Amino acid sequence: MNNSSDHYRRLILRLFSLPLASAVMPVSSAAVTAAASQSAPRSADGVRFMQLALDLKRLAVERGDQAYGAVIVKAGRVVGRGPSRVVVDGDPTAHAEMEAIRDAARGLDTRDLGGCVMYSTSRPCPMCEAAAYWAGLDRLFYGSDVIDGGPPRLTRC
């Protein structure tokens, strides 16, 4: 990275009050695959939260939308829910994960969702993972097997 690019990266991080350790660093695809393939401990709570996400997926389908659902949990309590609303709202950004982030932010009255974890019925797309990153979510779990996707990363934004 040249000095000019490094300068702008530092400036942007300072503007958003993010520590430099949060900066996007290149990660090998093997490391991403290995991290994403790890299953979370199948705790009763993890399974229960994923079941809630699956219920939201079914609700989205019943309403005529895409089959996705997500919940956000903080300290063992669901603070955000999101069925996909892309079709019903005619909004290409209304993915289940985005809806859950919006719901949690409204419910907690903050844009900082640090200390929160997301359970999603599928691996979040780059837009949703970037939103989770900027919201400060601690970790992502996805799929009926409750796969630990690790902390959200900026990959293709």
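**Strands, bridges and a crossover**

Reader: What share of the area that the chain exposes do carbon and sulfur atoms supply?
Author: Happy to start there: the chain exposes about 8,800 Å² (Shrake-Rupley method, 1.4 Å probe). This is a predicted model, in which local features need pLDDT of at least 70 and side-chain atom pairs pLDDT 80 or more, while totals for chains, interfaces and linings use all residues. Residues are numbered from 1 along each chain as its sequence is written, and side-chain values use heavy atoms, leaving out hydrogens and water. Of the exposed area, carbon and sulfur atoms supply 56%.

Reader: Which pattern does the chain follow along the sequence?
Author: Good one to have in hand! Helices are DSSP runs of H or I with at least four residues, and strands are E runs of at least two, numbered from the N terminus. There are six helices and five strands, and they follow the pattern α-α-α-β-β-α-α-β-α-β-β.

Reader: Which helix does the chain cross through from β3 to β4?
Author: Strands β3 (residues 116-120) and β4 (residues 139-142) run parallel, joined by four bridges (pairing takes at least two DSSP bridges). The β-α-β crossover is right-handed (clockwise from first strand over helix to second, with the strands pointing away from the viewer). The helix on that path, residues 126-135, is α6.

Reader: And which residue in β5 is the bridge partner of leucine 140?
Author: Let's look at both sides of β4. Methionine 118 stands opposite leucine 140. β4 also pairs with β5 (residues 147-150), in the antiparallel sense over three bridges. There, the partner of leucine 140 is glycine 150.
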